[in-house]
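Hello,

Here is the structure I promised to pass on to you. Please have a look at it first, and then read my notes underneath.

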Amino acid sequence: MFVDTHCHLDPQYFPESRGGPDEVLSRAQAAGVHGFVVVGVGRDLEPARSAVALAKRIPERIGAAVGVHPHDATTLTDETYEELAKLAAEPEVAAVGEIGLDYHYDHSPRDVQRAAFARLVGLARALKKPIVVHTRSAPADTIDILASEGARDVGGVIHCFSEDRAFAEKALDLGFDISFSGIVTFKSSSAIQEVATWAPLDRIVVETDSPYLAPVPLRGKPCEPAFVVHTARRVAELRGIPADELAAATTANAERLFRRTFRPT
Ligand SMILES: [Zn+2]
Ligand SMILES: [Zn+2]
């Protein structure tokens with residue numbers, strides 16, 4: 001059994017006219033993927049509302065994560081914060097996220113990204129829920145904010161890990177687990193593969209980040225949660241352990257991290 005710890009299933013990616021999330025989830029189930037953390041982020045709170053609605057409909061398999069992506073940091077006003085805080089308090093919401101810093105695209109000014117990230121770490125702490133961190137080209141500021149805002153109290157995960165070992169060590173010290181996406185299957189990803197080989201087996205999880213980043217051998221296709229199996233196999237191969245052992249460990253880690261049990265139906 002596998003858990004996809006990070007996927008986006010909004011109607012804009014998987015429209016009802018093509019079967020919507022239900023078909024995606026049943027293909028995943030057929031592949032052995034029984035648990036999902038569905039992330040709802042966007043320019044407004046519609047994706048967050050839709051992730052929460054999906055988790056309410058299928059709570060035995062889905063936990064939602066809601067937040068404001070660093071790309072959209074300029075949209076975080078007092079008003080959106082209040083609504084987000086209400087949504088995030090729902091029991092079907094397993095985590096606050098994805099939140100963080102993205103200095104690669106710089107879609108929002110960096111000072112605005114930092115302020116939004118810090119504020120939302122505070123929300124996670126207030127709700128005692130783990131944090132799903134998005135970080136790209138901003139390793140030092142990400143660690144600084146997690147440390148200074150007391151993120152250690154709730155912990156969480158560095159999603160779509162794309163940094164190096166030095167960053168991984170700091171994140172693990174702060175109580176954050178490491179999530180590997182399809183990027184770990186790419187030939188060019190030697191630094192990430194090194195972390196996948198070395199990181200403690202009880203501190204790693206896997207994800208697709210659907211609809212992006214399909215793993216080898218499906219690279220280039222629209223990504224969906226069923227594909228997490230390929231990412232998990234590659235991580236198992238890198239570590240020299242059977243895929244079953246990796247599946248059992250990452251599932252147990254996901255359940256501990258997101259404080260829920262995922263059940264096949
Ligand atoms: Zn992300
Ligand atoms: Zn994402």
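Below is what I found, going from the chain as a whole to single residues.

Please keep in mind that this is a predicted model.

**The chain as a whole**

The chain is built with 9 helices and 8 strands. Its radius of gyration is 17 Å, close to the 18 Å that the globule rule gives for 265 residues, so the chain is as compact as a globular protein of that length. If you want a feel for the dimensions, the C-alpha atoms fill a box of roughly 45 × 45 × 30 Å along the principal axes.

How much of the chain is buried? Of the 265 residues, 58% count as buried. As for contacts with a separation of 6 or more, 76% of them come from residues 24 or more positions apart. The chain exposes about 10700 Å², and carbon and sulfur atoms supply 52% of that area. There are 29 positive and 37 negative charges, and the mean positions of these two sets are 2 Å apart.

**The zinc site**

Which protein residues are donors of the zinc ion (ligand 1)? They are Glu98 through OE, His134 through ND1 and His159 through NE2, at 2.0 to 2.1 Å from the ion. Along the chain, these donors follow the spacing E-x35-H-x24-H. His134 lies in strand S5 (residues 131-136), while His159 is in the loop between strand S6 (156-158) and helix H6 (165-173), so this pair ties together parts that are 25 residues apart in sequence.

Both histidines are buried: His134 has a relative accessibility of 13%, and for His159 the value is 3%. With the cut-off for buried set at under 20%, His134 falls on the buried side at its 13%.

There is a second zinc ion (ligand 2), 3.5 Å from the zinc ion (ligand 1), and Glu98 coordinates both. Glu98 itself lies in strand S4 (residues 93-102). The backbone is worth a look here too, as the peptide bond from Gly97 to Glu98 is cis, with omega near 0°.

**Backbone features to look at**

Most residues other than glycine have a negative phi, and most peptide bonds are trans. Besides the bond leading into Glu98, the peptide bond from Ser210 to Pro211 is cis, with omega near 10°. You will find Pro211 in the loop between strand S8 (204-206) and helix H8 (228-239).

Two residues to check for positive phi are Lys128 and Ser137. Lys128 is not a glycine, yet its phi is about 55°. Lys128 sits in the loop between helix H4 (110-127) and S5, and is exposed with a relative accessible area of 65%. Ser137 has a phi near 55° and is likewise a residue other than glycine. Ser137 belongs to the loop between S5 and helix H5 (139-148). Is Ser137 buried, exposed or partly exposed? At 41% relative accessibility, Ser137 counts as partly exposed.

**Three more residues**

Val68 is in the loop between strand S3 (62-66) and helix H3 (78-88), and is buried, with a relative accessible area of 7%. Leaving out residues up to four places away in sequence, Val68 touches Val41, Ala73, Thr75, Leu76, Leu84, Glu98, Ile99 and Leu120. That list brings back Glu98, the residue that coordinates both zinc ions. Between Val68 and Tyr81, which are 13 residues apart along the chain, the C-alpha atoms are separated by 9.1 Å.

His230 is in helix H8 and is partly exposed, with a relative accessible area of 22%. Which residues does His230 touch, not counting those up to four places away in sequence? They are Thr185, Pro215, Val216, Pro217 and Leu218. Thr185 is 45 residues from His230 in sequence, and the two are 8.1 Å apart in space, C-alpha to C-alpha.

Finally, Ala53 is part of helix H2 (residues 46-57) and counts as partly exposed at 45% relative accessibility. Ala53 and Ala64 are 11 residues apart in sequence, with 8.8 Å between their C-alpha atoms.

Happy exploring, and best wishes

How values were computed. Residues numbered from 1 in each chain as written. Chains lettered and ligands numbered in written order. Predicted model: local features only at pLDDT ≥ 70, side-chain atom pairs only at ≥ 80, totals over all residues. Heavy atoms only, no water. Donors = N, O, S within 2.8 Å, 3.2 Å for Na, K, Ca; no water. Helix = DSSP H or I, 4+ residues; strand = E, 2+ residues; numbered from the N terminus. Buried < 20%, exposed > 50% of the residue type's maximum accessible area, 1.4 Å probe, protein only. Rg over C-alpha atoms; globule rule 2.2 N^0.38 Å. Contact = heavy atoms within 4.5 Å. Areas by Shrake-Rupley, 256 points an atom, 1.4 Å probe, with all protein chains shown as cover. Lys, Arg positive; Asp, Glu negative; His and termini not counted. Charge placed at Lys NZ, Arg CZ, Asp CG, Glu CD.
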